[in-house]
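Hi,

Here is the model I promised to pass on. Have a look at it first, and my notes on what turned up are underneath.

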Amino acid sequence: MTESYDLARIITGCKSGDAQCFERIVDIYSSRCYGYFYRLTGNSDISDELLSELFVKLVEKIRTYKGGSFDSWLFKIASNIFHDYLRRKQRRKKLLETQKIEIESEIIEPKKSDDELTDKLQILLRRLDDDTRELIMLRFYSQLSFKEIAQIRSEPIGTTLAKTHRAVKKLRELMEG
């Protein structure tokens, strides 16, 4: 309850233009939001740019936050920024086609790391289409509820549950294959 109260106090401070409150929001959410963007793009530079854009939007839009789940509200903006990024680059369909061609024609060698399973997961996530990859990231990396994800995606919760089930099944098949 204290954490919720602190967040409410910080958000109120942000709405009144308190720079320290904005810094606190950045401290609280930058890691999760960066990870969300990185898992979607696989590129640290693009993730940094999208994260910066997110926090600029936060400053611009904080007064439109009317309550409810702040995480949902913030990740809705992050999701919109990601989709805007794809549209700006006019690459949504080209990206899917290019990724498919690259994956089929390249030999993918995982990075040398202590956690090969994480490397394999990252590679397999790139093989999923953008929509499926984003759904998995919202649910499992950003730890949002199905209800929050359905709200972000403006779809019925049943649709979100079904898509998530199919996404996990597809990822599992890739992991086992």
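Cysteines first: there are 0 disulfides in the structure. Keep in mind that this is a predicted model. For Cys14, the closest cysteine sulfur belongs to Cys21, and the two sulfurs are 5.3 Å apart, which is too far for a bond. A pair would have to come within 2.5 Å to count as a disulfide, so Cys14 and Cys21, at 5.3 Å, do not make one. Cys14 is also buried, with a relative accessible area of 1%. Cys33 is buried too, and its relative accessible area is 0%.

On the overall build, the protein chain has 9 helices and 0 strands. The pattern along the sequence is therefore short to describe: α-α-α-α-α-α-α-α-α. Of the 177 residues in the protein chain, 37% are buried. I also looked at contacts in the chain with a separation of 6 or more: 60% of them are between residues 24 or more positions apart.

Two helix pairs are worth opening in your viewer, and H7 is in both.

Start with H2 (residues 19-41) against H7. Their axes come within 9 Å of each other and cross at roughly 155°. That angle makes H2 roughly antiparallel to H7, because anything over 145 degrees is counted that way. The crossing of this pair is right-handed. On the H2 side, the contact is made by Ser31, Arg32, Gly35, Tyr36, Arg39 and Leu40, and on the H7 side by Arg133, Glu134, Met137, Leu138 and Tyr141. Sorted by class, the contact of H2 with H7 has 5 nonpolar, 2 polar and 4 charged residues.

Next, H7 (residues 130-141) against H8 (residues 146-153). Here the helices pack at an angle of about 140°, and their axes are 10 Å apart. So H7 is oblique to H8. H7 passes H8 in a right-handed crossing. From H7, the residues that meet H8 are Asp131, Glu134, Leu135, Leu138 and Arg139. Their partners in H8 are Phe146, Ile149, Ile152 and Arg153. By class, the contact of H7 with H8 comes to 5 nonpolar and 4 charged residues, with no polar ones.

If you colour the H7 residues by partner, you will find Glu134 and Leu138 in the contact with H2 and again in the contact with H8.

Last, the backbone. Which residue in the loop between H7 and H8 should you look at? My pick is Gln143, which lies in that loop. Gln143 is not a glycine, yet its phi is positive, at about 60°. Is Gln143 buried or exposed? Its relative accessibility is 63%, so Gln143 counts as exposed.

Ser154 is another residue to check. Its phi is near 55°, again a positive value in a residue other than glycine. You will find Ser154 in the loop between H8 and helix H9 (157-176). Ser154 is exposed as well, with a relative accessible area of 62%.

That's what I have. Over to you, and shout if anything is unclear.

Cheers

Terms used: Residues numbered from 1 in each chain as written. Predicted model: local features only at pLDDT ≥ 70, side-chain atom pairs only at ≥ 80, totals over all residues. Heavy atoms only, no water. Buried < 20%, exposed > 50% of the residue type's maximum accessible area, 1.4 Å probe, protein only. Axes fitted to C-alpha atoms, helices over the stretch in contact; angles between N-to-C directions. Helix = DSSP H or I, 4+ residues; strand = E, 2+ residues; numbered from the N terminus. Parallel < 35°, antiparallel > 145°, perpendicular 65-115°, else oblique. Left-handed = near helix turned anticlockwise from the far one by under 90°. Contact = heavy atoms within 4.5 Å. Nonpolar A, V, L, I, M, F, W, Y, C, P; charged D, E, K, R; others polar.
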